[in-house]
Amino acid sequence: MADIIKKATRESFGEAVCELAKEHSEIVVLDADLAAATKTSIFKKQYPDRFIDCGIAESNMMGIAAGLATCGKVPFAASFAMFATGRAYEQVRNSIGYPHLNVKVVGSHAGISVGEDGATHQCCEDIALMRTIPDMVILNPADHYEMIEATKAAYNHKGPVYIRLGRLAIDSFNDPSNYKFELGKGITLHEGNDITVIATGLVVNEALKAVRAIESEGINARLINIHTIKPIDKDIIIKAAKETGKIITVEEHNIIGGLGEAVCAVTSEEYPVPVKRIGINDCYGHSGPAVELLKQFGLCEENIVKVIKEQLDK
Amino acid sequence: MNSTEKLELKKAACKVRMGAIEGVFNAKSGHPGGSLSAADIFTYLYLKELNVNPENPKDPDRDRFVLSKGHCCPGLYAALALKGFFSMDELKSLRHIGAMLQGHPDMKSTPGIDMSSGSLGQGISAACGMAMAGKMDNKNYRVYALLGDGECQEGQVWEAAMFAGHRHLDNLCIIIDNNGLQIDGRVNDICSIEPLDKKLESFGFEVFKINGHCFDQIEDAFNKAKKVKGKPCAIIAATIKGKGVSYMEDNGSWHGTAPNKEQYEKAMDELKAQLASLEA
């Protein structure tokens, strides 16, 4: 097992895009006055001539990225998830999505783990917004190692991609020596046939702790990590529905429009089974330390264990 | 420009106007007013100004044109057809199911279209990105974007203008089709954008004010713009919405309405008469 690295995925992304840029001169990075926070500052320092700070104007930034892409550049345009996908939604839809331009939209500070900044900056809608754009690929990596591979995959995919980054430093759980990222393919992290937990992003590690914790109580829960929310891995979901009969989804996102509903769409059309969604229950976040907020909103090992037991008792 | 050249441009502009009317009539929808106000600018751009080749529409060294006021594509499509990017017959399929000529420009389906556009305010940002790429790669191409005057009410126009000025994008030239009308009425009554020249100057642009229907003035402005170093240029072209069709001129109700058969025939008769008098 590799060393556990405690790092925010925004930082892993900043390092990964810098590494990629060594080999690929067409990569450019754009930011809207948040380079220090999104960690595109790492790229800015190393490649100042390929870094474009657009100032506090996210809508324009997405259009600039689109124009650059028409000329063969591969732009990574970063801001907070709230502004990259919220404020600039229509620019992403019409200037990037519709012409299928090779722009990577990067949304940092996603979810409630933004912490003290509170509700205006805690974006729990980004996945829902990006899911509605045809052909948009959505990546939500769960740890440092996954983020590095996801950044490479985003580059290798020709077309628009949304990459979700977190602010909070989190422990890695993947082992880089045998980790393989395949765009659109879920990863089974824990085998079991009693029930399936499907998680994405920073809560995957909490779900992993939960399924391991209940093993001693004789409960064998399967855990699937969905790093690619779109296109979603239908096969792994249908297989889990058939073999375990019950599904729980866990995400740091509104239960409306996110992973939970993406899973429900697959099961309801292909193999209906009960699906319980753990996430932000259609409400705003609020200020507080990130880890405490995650606990308060049920995005923690203890709550996942509790919900697994409740679902099995039904 | 000599008188022969000017005559040829005037004749071509007549054909562009006829193509725009043909398209909108056959589509039974579309935007004739702004297509006609910008027709002389489209004509000059494609016949004289832009370094583009219909045989190689994706040439990385070509000049770029972004129709930020995307709804006026019937006029642009007619100019592209006249230049040879596709046949004039194609104009009749505008807005039809399966047609390559979409209701607003689609770069994926139409040769010669450098950027998909139609949502106002977005084209100028893409043009800035293209100009930025040219600077980063030391390319000599120039980037042009045509905006509506009403479009300048969009905040994104000014985000992009700030960017262009700050980055000294002297390979960028925007043109404002200043026809004074928007859907709900006169721009000056709805939400005035004036003083547009001073606004653009304060954002770092070199500004030229011209009559957008006078080829001498259009040529003069584009030639001067090419010589400006260290800042982007803006050409504010005073135009008449619906120019060339008597009953459409300066009449806002023709912003987004197609002529019926009788109106279509009257418009075409007028334009044919103008062409005939130029050819005489």
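Which residue in strand 11 of chain A stands opposite Ile198(A)? Keep that in mind while we set up.

This is a predicted model, where local features need pLDDT of at least 70, side-chain atom pairs count only at pLDDT 80 or more, and totals for chains, interfaces and linings use all residues. Residues are numbered from 1 along each chain as its sequence is written, while chains are lettered from A and ligands numbered from 1 in the order in which they are written.

**Exercise 1. Find the partners of strand 10 in chain A.**

Step 1: Get the terms straight. Helices (H or I, at least four residues) and strands (E, at least two) are DSSP runs, numbered from the N terminus. Two strands pair if DSSP finds at least two bridges between them.

Step 2: Look at strand 11 (residues 221–225) of chain A. Five bridges link strand 10 to strand 11, and the two run parallel. Here's the answer to the opening question: Ile198(A) sits opposite Ile224(A).

Step 3: Now try strand 13 (residues 247–254) of chain A. Strand 10 pairs with strand 13 in the parallel sense too, over four bridges. In this pair, Ala199(A) stands opposite Val250(A).

Step 4: Trace the link between strands 10 and 11. Together with helix 9 (residues 204–213) of chain A, they make a right-handed β-α-β unit (with the strands pointing away from the viewer, the path from the first strand over the helix to the second runs clockwise).

**Exercise 2. Decide whether strand 10 of chain A is covered or open, and which way its residues point.**

Step 1: Use the cut-offs. A residue is buried if 20 or more other C-beta atoms lie within 10 Å of its own, exposed if 12 or fewer, and partly exposed in between, with C-beta atoms placed from the backbone.

Step 2: Apply them. Five of the five residues in strand 10 (residues 195–199) are buried, so the strand is mostly covered.

Step 3: Sort the directions. In a regular strand the side chains alternate between the two faces of the sheet. Ile195(A), Val197(A) and Ala199(A) point one way, and Thr196(A) and Ile198(A) the other.

**Exercise 3. Put the whole sheet together.**

Step 1: Read the order. The five strands of this open sheet in chain A come as 9-11-10-13-14, with mixed pairing.

Step 2: Find the edges. Strand 9 (187–190) and strand 14 (275–280) of chain A each have a single partner strand, so one side of each has no neighbour in the sheet. From one strand to the next, the twist averages 25°.

Step 3: Check strand 9. Three bridges join strand 9 to strand 11 of chain A, and this pair runs antiparallel. His190(A) is opposite Leu223(A) there.

**Exercise 4. Track down the odd backbone spots.**

Step 1: Look for cis peptide bonds. One runs from Lys230(A) to Pro231(A), with omega near 0°. Pro231(A) is in the loop between strand 12 (228–230) and helix 10 (234–244) of chain A. Another cis bond goes from Glu194(B) to Pro195(B).

Step 2: Look for positive phi outside glycine. Asp135(A) has phi near 65°. Asp135(A) has 11 C-beta neighbours inside 10 Å, so it counts as exposed.

Step 3: Compare with chain B. Phi of His168(B) is near 55°, and with 14 C-beta neighbours inside 10 Å, His168(B) counts as partly exposed.

Technical notes: Axes fitted to C-alpha atoms, helices over the stretch in contact; angles between N-to-C directions.
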